[in-house]
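Reader: I am new to this structure. Please walk me through the reasoning behind its labels.

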Amino acid sequence: MSALSARPGIRWGDTVARVVVIALLAFAIFGPLANLVLWGFAERWYFPNKLPQEFGLTYWARVFAPRGSALASLWTSVGIACLTVMMSLAVAVPAGYALARLRLPARTLILLIFLLPQAVPNLPVYVNIARVFYELNLNGTVLGVVLVHAAHGLVLAVWIASAAFAAVDVSLEEAARNMGASAWRCWTTVTLPLALPGLIASAIFVFLESLDEFTGTYFVGVPDVTTMPLLMFNASMGGNYQIASITALLLLVPSIAFMLLVERFLKADVLAMIGR
Amino acid sequence: MNHRSWAGLALAAPALAIVAVFFIGPMAMSAVLAFRGKDGGFTLDHFAKAFEFYSNDLLFSAAIVVLSTITIGVVAIAIAGYLTLGEHPRTLAILRWLYRWPLFIPFIVTAQVMRTFLAKNGLLNHVLIGGGLIDPLQAQSLLDWRGIVIAFVWKQAPFVTLLVAGAMASIDRQHIEAARNLGANRLRVLFGIVLPQARRTLMVGLVLSFVTMLSVLSVPMMINPNSPTMLTVDIAYRINSHGDYAVANALCLMSLALASLGAWFYLREAARKAERS
């Protein structure tokens, strides 16, 4: 290798190839996103113009109009996502703890059940839940949508919570118990604080999943619950690319923020424990 | 069963109940409804109808998902391989920062993004024309099967890359150094030493992507809603336009069968590996 690098010709070729490949990859990733941004700020954009004829914020004003449907759907989405996080974590934290720390009969089967919603296509589930919910008058209600989101989200939460508890050093708990702490005190002052970053990560995962969920809401939420993804879909299918792109941009913000921050919450020691 | 295992079961019970009622129950219902005739007896009519109307779409779905999975695998191996074996620190840093952007972007946003980017008057064509690579008259919309594949790869490749790069990073560096010192080039090290050790993770990532792509509704609906299209679009159509849950469920079971085919390939690989070791 060192003999090769000493020859300037080959090093130049190498550098050029590297720059070209990185540039192509950057275009593949940011090109589509750039197009979305352009549409978000386009007042008028007709074929065959390369760029919008007119830029402006009219459509943003429309999206954020106090009584606009977009703002309403933003709050619907955030509300549903918060309720989904509460419901998922309320059942996932105990389950995760049990999987990580307690002796469970049929542990493999239980793990398999919690793996299922990630490992089989979800469409059959949504289709039939919608049919049952229709008869129970749960279609088109926030509760119906939250239940569908939670059934899917809690699985992720169980896996991450279980990994977070498994990563907590047992000897720290034992030390606390040996010094006379009650089981409850040990849990609230040792186990829970140490597992907290992982639990926060699982809450964020569930929140994002719920915020971005389309298919389940499409079947169960109609006609009364319009979340952001549904609003985006309707705008896009109706040919209103500006509103669709602005809604898409709003949905992008939390996704990209989480992508940039994920490693702060999910430390390597927790990641290594997932699925154990 | 002792006291502690009862406690564990009690803690896990609420979560298990929710998954059972809101996931496994509907899944079982799908299997029942697909085979139940109007009189309540067993029938294969719904499958006959599903095959008659949608066999093209079944093949189309299978082809799209297989092609996407293979492409995702190639992209993931290339990027993760370079991240593991690359030697140029700045390129490594840029690549590591760059590849994961689509990681948490939802499918529905990906669909909207590609709907604008790949259209006839989208940015892709404008850049190709501006760069002199194609004639303005050659510009064509990619919003057909190609659009679906591109959207799937764009969204799923970073996920598989993340998993594979993680697995490759945990390989003992000494193996790699030893091979390099013996004169193996990087490509050989990648396929001879690094990839075999990350193979399981790669398969898990690919199977998960395969299954996920099979049940995505938004991407085919927004990019290529006309026939031939993917089964998910047909299922939504049967329900929304005809209220026809029987044929819809038959189609659901067909896509489940495709998914289990993917899982079966994975299990067979895993079993073979277990036999060898």
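Author: Here are short answers on the model, one residue, the core and the interface. This is a predicted model, where local features need pLDDT of at least 70, side-chain atom pairs count only at pLDDT 80 or more, and totals for chains, interfaces and linings use all residues. Residues are numbered from 1 along each chain as its sequence is written, while chains are lettered from A and ligands numbered from 1 in the order in which they are written.

Reader: Why is A:Met232 called buried?

Author: A residue is buried if 20 or more other C-beta atoms lie within 10 Å of its own, exposed if 12 or fewer, and partly exposed in between; C-beta atoms are placed from the backbone. A:Met232 has 29, so A:Met232 is buried.

Reader: What does A:Met232 touch, not counting residues up to four places away in sequence?

Author: Contact requires C-beta atoms, placed from the backbone, within 7 Å. By that rule A:Met232 touches A:Ala244, A:Thr247, A:Ala248, A:Leu251, B:Ile108 and B:Gln112.

Reader: Which residues touch the most other members of the largest nonpolar core?

Author: A nonpolar core is a set of buried Ala, Val, Leu, Ile, Met, Phe, Trp, Tyr and Cys residues joined through C-beta atoms within 7 Å. The largest one holds 167 residues, and A:Ala92, A:Leu154, A:Val158, B:Ala76, B:Val164 and B:Leu251 touch the most other members.

Reader: How many residues of each chain are in contact with the other?

Author: 69 residues of chain A contact 62 residues of chain B.

Reader: How confident is the predictor in the complex?

Author: The predictor gives an ipTM of 0.85 and a pTM of 0.88.

How values were computed: Two residues are in contact if their C-beta atoms, placed from the backbone, lie within 7 Å.
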